[in-house]
Each structure stands twice: as structure tokens, then as C-alpha cells.
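Please take a moment to look over the sequence and the model before reading on. The paragraphs that follow go from one pairing of strands outward to the chain as a whole.

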Amino acid sequence: MPVAVNSAPSSLAARILDRLPQFAERVLASGLGISASAVDLPADHFVEVLPAIYGCAHAFLHAMAQQREFTRDEVATFVQPVIERHAEDRLPLPLLMEAVHRSAQQVLQEAVAVSGPAEVDQLIEFGSRTLELLMHINLITVEGYAAIEHSIYHPEREARRALCAALVGGQSAEEQAARADTALAEHYSVLAVQVRTDPQPAAAANLVVRRRIRILQRVLDRVSGPTALHTFDGETAVVLLPGVRGWPETGAELATELAEQFGADVVVAETPGTRRESVPEAAHQAAEVAQLARMSGRPTGVYRLDDLLLEYQLTRPGVARDRLAERIEPLHRAPHLMETLDAHLRHGSDRKAAAAEIHVHPNTFSYRLRRIGELTGADPSDPNGSRLLSAALVAHRLSPAPARPVTT
């Protein structure tokens with residue numbers, strides 16, 4: 001006869017239920033603490049794992065206390081979404097399997113810790129049921145990885161990427177279009193995407209790139225349908241949207257959502273309604289505009305050439321551009337001064353906000369500005385000097401002059 005949790009408050013399962021929040025945290029920590037690779041992953045990569053552990057453990061313990069089977073379908077409810085995400089990110093399967101098994105070991109240790117000498121039979125039953133749960137999780141994990149491998153990384157998706165590269169490169173695209181099962185359009189809206197990124201540990205870099213590619217594809221599928229093409233590498237992309245009309249709403253939505261998902265500023269430059277034969281030229285200009293927007297510290301959003309005319313002109317070859325770039329050269333070996341100048345140009349007269357952004361005292365910030373003025377000959381606190389240094393910074397970043405050591 002099934003026993004309800006409330007009717008057996010002293011049962012092993014019930015005692016673990018009482019300690020479940022702390023229990024779940026220890027299980028997660030045990031699973032993630034086994035690999036240097038896991039330590040290097042982004043902080044939010046396992047954000048959904050703790051709720052899944054808590055929910056699955058809660059349902060599992062209730063089933064035990066009620067003396068009923070905890071079915072594979074019930075396990076999948078909690079586990080499958082997490083497995084799918086890790087498979088889409090191509091988290092190494094051995095790493096995940098090891099984490100699962102280490103977590104299972106922690107579960108058994110928790111059960112031993114709360115059991116008494118007279119509860120050997122309950123402990124054996126708990127261990128048997130835990131091994132059965134582990135078997136379900138293993139099968140769901142292996143099958144989930146296989147399914148994702150066949151769906152997301154299907155050759156047709158790679159063919160669509162190759163088609164986009166062919167169109168952007170001005171190459172014959174008919175054969176690639178046939179392989180991708182995608183009709184060529186007469187016109188495309190051309191979007192260039194650039195993500196402002198921070199360096200990632202080597203162990204996590206590829207995973208972060210794959211995760212971003214998956215997110216971009218998902219967002220494109222939703223905002224523009226399955227006909228969008230892209231060449232995203234995790235930091236930059238050209239996106240082709242078939243049709244003659246502009247896509248300002250799509251571009252803005254794309255930039256905003258990607259920035260939210262990536263946790264970084266995302267700028268998008270667009271050239272709408274471009275004839276197919278003009279895609280290479282439009283893609284080059286859009287990529288240049290997006291790069292200018294990123295280099296000049298513009299916030300997340302959609303930009304066109306008219307939004308960056310000054311910056312665009314500053315990057316044209318010539319003596320004036322070279323002289324501007326040379327103004328920043330003394331700062332090239334002083335990253336803290338470059339960081340200070342960047343913050344100053346973003347915040348203007350709000351020196352406290354600028355100092356807070358780079359985590360220094362306002363007095364230290366002021367000292368650094370004076371040092372910048374001494375090294376460059378342009379006072380950043382003076383409006384004319386600030387404009388000159390802003391222009392010089394753009395020119396330097398897009399065509400940096402050779403740097404020489406400098407004493408600061």
C-alpha cells in the first residue's frame with residue numbers, strides 16, 4: 001500500500017526532503033567541481049541546472065516516500081531541457097557524464113549522512129532507486145546528444161552557411177543554394193553584426209562561440225523566418241535576409257535580444273534592399289560601419305553610414321589620419337591610460353561615473369587624465385582636446401601606428 005510523505009515523517013526520503021535546498025546545492029557543487037574545464041566556463045552556463053536538480057530530487061523523493069516508481073518520462077521532464085542545452089553548446093559528453101556520476105555519488109553520501117544504524121534496509125533501497133535514476137539520466141543524456149547532433153549540426157545548415165559565404169564573396173551560388181535547399185533571392189537586406197567581447201579562457205572559448213551561434217540562429221529563425229543566412233563566428237557576422245524592404249525592426253530586435261543573451265553590446269549595421277550581385281559591396285560597407293560603431297564605443301543598436309559619417313571619414317587613408325593615429329601611440333603601451341581615455345570619452349564631464357566604471361578613485365582618474373594630456377599633447381578635460389583624442393582613438397584602432405615603449 002503506498003505511503004504518503006506526511007504519514008512517514010521519519011523516513012529517509014522525508015528527511016532528505018527537509019534538507020533539499022542545501023542538498024541540491026551540494027549535489028550541483030560536487031558535479032561541477034570535478035574539472036578545470038567546468039571552472040573555466042561562463043558563470044551563467046549552469047544557471048538552469050540547480051532548479052532542475054531541485055525539481056527532479058523533489059519529485060524523486062516524493063515517489064520514493066509514496067513507494068511508487070519514478071518513471072523515465074518523469075525524469076525527462078526535468079533533465080531533458082538541460083541536456084538539450086548542453087548538447088546544443090557541444091559541452092563535451094564525457095565532462096557531462098562525469099559530472100552526473102559525481103552528483104549521484106553526492107546523493108548517496110547525503111543519504112548515508114542522514115540515515116541511522118537501524119535503517120540499512122532503507123539505505124539499500126535508496127541506493128538501488130538512485131542507481132535506477134542514474135540509468136534514466138544516462139540514457140536521456142546519450143540519446144539527447146545524438147538527436148541534437150543530427151538536427152542542429154545537420155549538413156544542410158552548414159550548406160546554408162556556405163551559401164551565405166558564397167554570396168558575400170561574389171561567387172557563383174547556384175550549386176550552394178541547391179545543396180542548402182534554399183531559393184536564391186533577387187534582393188537581400190544585408191546586416192553586419194559585431195559583438196563587443198572579452199577574452200575567454202581557452203577551455204571555454206569554443207563552447208562560448210557555439211552557444212552564441214546557436215542563439216543567433218534561434219533569434220533569426222524567430223524574427224525573420226528560416227530563410228535568413230549568416231556567417232556568424234561568435235563575434236562578427238554578415239546576415240542576409242531575402243527581400244527588397246528594409247528591416248529596421250528586425251535589426252533593432254536582433255541587436256537588443258543578442259545583447260541580452262550574450263551579456264555584451266551588439267551593434268548591427270544594415271543595407272536594405274540590395275540586389276544579389278551587389279551583396280559583396282554592401283556586406284563590406286555594412287561590416288565597416290559595424291566595426292566603426294563598435295570601435296567608437298556605440299551602445300547596442302542599429303547603425304547606418306549616416307550615423308557614423310565623422311568616424312567613417314576619419315578612417316579614410318591620408319596624412320591627417322596618420323597624424324591622428326600617432327597622437328594615441330604613446331598610450332599604446334599603457335593599457336590603463338587607454339582604459340581611462342575610453343571611459344572619459346563615454347562619460348564626458350561625469351568623472352565620478354567614469355572612474356566608477358573602471359574601478360578607480362576619482363583622484364586617480366584625474367591623475368591619469370593629466371598623464372594622457374602630457375603624453376599626447378591634447379588635454380582630455382578640454383572640449384577641443386577631448387574631440388581630438390576621440391577622433392585619434394578611432395583612427396588609431398582602425399589603423400594602429402607602431403608602438404614604442406613609454407614610461408608612465
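**From a strand pair to the whole chain**

In this predicted model, leucine 191 stands opposite glutamate 270, a residue of strand β4. That pairing belongs to a longer contact between strands, for β1, which covers residues 187–195, is joined to β4 by 8 bridges, and the two strands run antiparallel.

Strand β4 also pairs with β5, a strand made of residues 301–303, and here the sense is parallel, with 3 bridges between them. Within this pairing, valine 267 has glycine 301 of β5 as its bridge partner. Together with helix α12, which spans residues 279–295, β4 and β5 form a β-α-β unit that is left-handed. Of the 10 residues of β4 (residues 266–275), 7 are buried, so this strand is largely enclosed by the rest of the structure.

Turning to a helix, α6 takes in residues 93–114, and its 22 residues reach 32 Å from the first C-alpha to the last, close to the 32 Å expected at 1.5 Å a residue. Several residues of α6 are buried, among them Leu96, Val100, Ala104, Val107 and Ala111. An α-helix has 3.6 residues a turn, so residues three or four places apart point the same way.

Seen as a whole, the chain has 18 helices and 5 strands, and 47% of its 408 residues count as buried. Among contacts in the chain with a separation of 6 or more, 73% are accounted for by residues 24 or more positions apart. The chain exposes about 20400 Å², of which carbon and sulfur atoms supply 54%.

Methods: Residues are numbered from 1 along each chain as its sequence is written. This is a predicted model: local features need pLDDT of at least 70, side-chain atom pairs count only at pLDDT 80 or more; totals for chains, interfaces and linings use all residues. Side-chain values use heavy atoms; hydrogens and water are left out. Helices (H or I, at least four residues) and strands (E, at least two) are DSSP runs, numbered from the N terminus. The expected span of a helix is 1.5 Å times one less than its number of residues. Buried means under 20% relative accessible area, exposed over 50%, partly exposed in between (1.4 Å probe, protein chains only). Two strands pair if DSSP finds at least two bridges between them. A crossover is right-handed if, with the strands pointing away from the viewer, the path from the first strand over the helix to the second runs clockwise. Contact means heavy atoms within 4.5 Å. Accessible areas come from the Shrake-Rupley method with a 1.4 Å probe; for residues, only the protein chains shown count as cover.
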